[in-house]
Amino acid sequence: KVFDQAYPASTTKIMTALLTLENLNLSQVVTIKHDITFPDGAAVAIHLKKGDKITVEALLNALIIMSANDAAVALGEAVAGSEANFVKMMNKRAKELGATNTHFANPNGLHLSDHYSTAYDLYLIFNEAIKQDKFLEIIQMDSYNAHITHADGTEEDTAWEASNFYARGEAALPTAATVIGGKTGTTQKAGNCLILLAEDEKGDQYVSVIMGAET
């Protein structure tokens, strides 16, 4: 089962975060090159428009905390110049990490038939991402206050809330372990996905990966 290919949904964004942290400066300001929209109007987004100015750090928080799909596209373009080039980087990095049963086709995990991974591969990618202090910090946050400057010069301050039920207080926390944080993902085809980092009473850490759950 651990090597079975399945759709990763937004757990894809862990790879996008990893490549961002490996290639960009957090304080760098990204200017959005085009309105970033999706055919599925229900796709989670912060509605980035052409000319918006936003820091890499804010985009990373939108990506991980709120699971914003447009933040993934913006970061991919900032890292690699284009979404297509970024996808190539994602697949190259996956192979370097030993995630050989994975193929990415976009930076956010919105459903595509040739975009898949396995529980084991996602563990490998997540395990690399948590070596980054900033990633570890963001997965523990339940909200983030962001600042965006729009093309017309108007400023916007906005708060993004986490999608993780533990962070939102919608799920009872386990008693024998401490949940540190993780990344959720869900699409109709992928079902419910979750990668979670937890620590037992002795301080040993565990990564759990759930893919294709019904709830």
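Contact means heavy atoms within 4.5 Å. By that criterion, residues 24 or more positions apart account for 57% of the contacts with a separation of 6 or more in the protein chain. The structure is a predicted model, in which local features need pLDDT of at least 70, side-chain atom pairs count only at pLDDT 80 or more, and totals for chains, interfaces and linings use all residues. Residues are numbered from 1 along each chain as its sequence is written, and side-chain values use heavy atoms, with hydrogens and water left out.

The protein chain holds 7 helices and 7 strands. Helices (H or I, at least four residues) and strands (E, at least two) are DSSP runs, numbered from the N terminus. Their order along the sequence is α-β-β-α-α-α-α-α-β-β-α-β-β-β. The radius of gyration, taken over C-alpha atoms, is 16 Å. The globule rule (2.2 Å times the number of residues to the power 0.38) gives 17 Å for 215 residues, so the chain is as compact as a globular protein of that length. The C-alpha trace spans about 50 × 35 × 30 Å along its principal axes. Of the 215 residues, 47% are buried, that is, under 20% relative accessible area (1.4 Å probe, protein chains only).

Helix α3 covers residues 69-80. Its expected span, 1.5 Å times one less than its number of residues, is 16 Å; the end C-alpha atoms lie 17 Å apart, which agrees. The helix is mostly covered, with 11 of its 12 residues buried. Among them are V73, L75 and V79. The cover includes α1 (13-23), α2 (56-66) and α4 (83-96). G81 follows α3 and has a positive phi, near 90°.

Note on methods. Buried < 20%, exposed > 50% of the residue type's maximum accessible area, 1.4 Å probe, protein only.
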